[in-house]
Amino acid sequence: MKILFITPETFDKEEGYTKEDLTFIGFPSLTAGVIGALTPLEIAEFKAIDEAIEPIRTSEDFDGFQTDIIALSVNMSYKANRAMKIASEFRRRRKIVVWGGVHVTALYDHHRERFEKEIEPYADAVVLGEAEEVWPQLIWDIYNNSPKKIYRAGDRPKSDSWPQPRYDLISSDKFLVKNSRQATRGCPLDCEFCSVTSFSGSVFRRRDAKIVANDIRETLSQRKQGFGRSFFAFVDDNICFDRGYFAELALHLIEVKKEFPKFCWGGQSNLYSIDKSVRYKGVEYSLGDLMERSGCIAMFVGIESVSKESLAGANKSFNEVEKYPDQIKKFHDYGIMLNAGMVFGFDTDTENVFGDTYEFLVKNKVEISLLNILVPLPGTTLYKRYYAEGRLFDHNWENYDGRHVVYYPSLMTPEQLERGFFDLWKALYSWPSIVKRVVNPSQVIAALKSLPNMSKINQIVSRTYMNKRYAEISSRIARARRSSSKDRFART
Ligand code: SF4
């Protein structure tokens, strides 16, 4: 029995990301590696493709796959339409099609009528929740010609049942970030717009820190050293949430760094983590110090908003606006670059939010920002609220991508929100802004002073390069959207 695991991706849209953008922004998907590791190899062969790097374009492409089972992983809602298209192509070719992922589980649990319309007709079987417990059973059932329609994970699997992903199945060399890892799952903070708590649970589960470090060690000892090969991205939603666990993990990573001095990593955490310390095995550690010593060079931080009211509305008051400048400076003092997640269109946002955000990001020299229009993702409290208030006007999943307004904002029109968003995107990645944020005189003088050590110069060059790529992406997408937005709103 042959299984082809597909991570769907939208591509070839003038207003979307290109293959080059996706390999620059994205990471190798660990889901394929996890599912591959769970597959009983005595009865099944497993292959994986990620459409970010290997799009299935033509009818001949679909004909060419010699496989029995297609497994579709839909974690991001904006990929759901593409998954439907792939599923119907393969079902026409009499393949068994299996679905799973965050979006699929959210529709089943919270929006059953859409599940019945958009997934059930295109699926032979569906995996709900995390796959560890149910995936091998599903494959055995297919092998024995007795698959069920729904495979629901009972509990969220404990971390000792998480397999080591099969990295050999992920085309990691095609991505700028070649190594991704996951040490934890879950987040109890339950921000209104986020699907992590509802899918991965409020209990923070942690993989044995020693196993995580050994896994990285193994990859480093096998890989040729070179650009991007010693950098590891932790895809955990909130890696510093459990400070005791983070201390344990960081201490193991410090040992890895001693063996492989080029080893470095990036992750995602709350901005306030940098203010915190932890007592671990009788010793007091500052989290920033642990980050720096263990090789952290970049952190994605969900800043989300510079408005206190908007943060309160999103159940995210633990982000304290007045502390932002000091917290950002601390990250910078530890040599850690920030990628700030910023969201626009909260109920208390007015058009002023764009100017305020620009000023804040430039003033605090935030190196990169991931800007998104608020997306009411299925399964979240936000989606349920907007749905109940009759505020969703666009039900096309493809537009739930953070670059389209799909609901009526409170204090702006959809057009004002989209226009303000694209104008900010353009301004933030303009040369005057890049110069102020990453190549300003104080950074250049510090880099020159540290010569002949080239690390600061290299930092400026790589950060400028990243900003330039974002500038190209944003201006291309903004150009394409200028006309299409008007048409879309005209119909509503
Ligand atoms: S946005 Fe971050 S902090 Fe909030 S629930 Fe999601 S993962 Fe947790």
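Visitor: I'm starting at the ligand. How many nonpolar, polar and charged residues are in the shell around it?

Guide: To read a shell, sort its residues by class. Here the model is a predicted one, and the shell around the ligand has five nonpolar, three polar and two charged residues.

Visitor: Which residues surround the ligand?

Guide: Going along the chain, you meet Cys187, Leu189, Asp190, Cys191, Cys194, Val196 and Thr197, then Asp237 and Asn238, and finally Gly302.

Visitor: Let's step back. Into which domains is the protein chain divided?

Guide: Look for the residue ranges. Domain 1 covers 2–159, while domain 2 covers 176–490. Their centres, taken over C-alpha atoms, are separated by 27 Å.

Visitor: How many residues does each domain put into the contact?

Guide: You read a contact from both sides. Domain 1 puts in 24 residues and domain 2 puts in 26 residues.

Visitor: Which elements give two or more residues to the side of domain 1 that touches domain 2?

Guide: Those are helix 1 (19–25), helix 4 (80–92) and helix 5. Helix 5 gives the most, with seven residues. Sorted by class, this side of domain 1 has nine nonpolar, nine polar and six charged residues.

Visitor: I'd like to zoom in on helix 5. Where is His110 placed?

Guide: His110 sits in helix 5, which spans residues 102–110.

Visitor: Why does His110 count as partly exposed?

Guide: The trick is to count neighbours. A residue is buried at 20 or more other C-beta atoms within 10 Å and exposed at 12 or fewer. His110 has 16 other C-beta atoms within 10 Å, so it is partly exposed.

Visitor: And which residues does His110 touch, leaving out those up to four places away in sequence?

Guide: With those left out, His110 touches Pro378 and Gly379. For a sense of distance, take His110 and Lys316: they are 206 residues apart in sequence and 23 Å apart in space, C-alpha to C-alpha.

Visitor: Now the inside. In the largest nonpolar core, which residues touch the most other members?

Guide: That core has 123 residues, and the ones touching the most other members are Ala71, Leu72, Val98, Val126, Val127, Leu138 and Phe246. Helix 10 (residues 243–259) supplies the largest share of the core, seven residues. Domain 1 (2–159) and domain 2 (176–490) each contribute at least three residues to this core.

Visitor: Let me pick Leu72. What does it touch, not counting residues up to four places away in sequence?

Guide: Leu72 touches Ile6, Pro8, Ala83, Ile86, Ala87, Val97 and Trp99 on that count.

Definitions and conventions: Residues numbered from 1 in each chain as written. Predicted model: local features only at pLDDT ≥ 70, side-chain atom pairs only at ≥ 80, totals over all residues. Near = placed C-beta within 6 Å. Nonpolar A, V, L, I, M, F, W, Y, C, P; charged D, E, K, R; others polar. Helix = DSSP H or I, 4+ residues; strand = E, 2+ residues; numbered from the N terminus. Contact = placed C-beta atoms within 7 Å. Domains from an automatic or database assignment. Core = buried A, V, L, I, M, F, W, Y, C linked by C-beta atoms within 7 Å.
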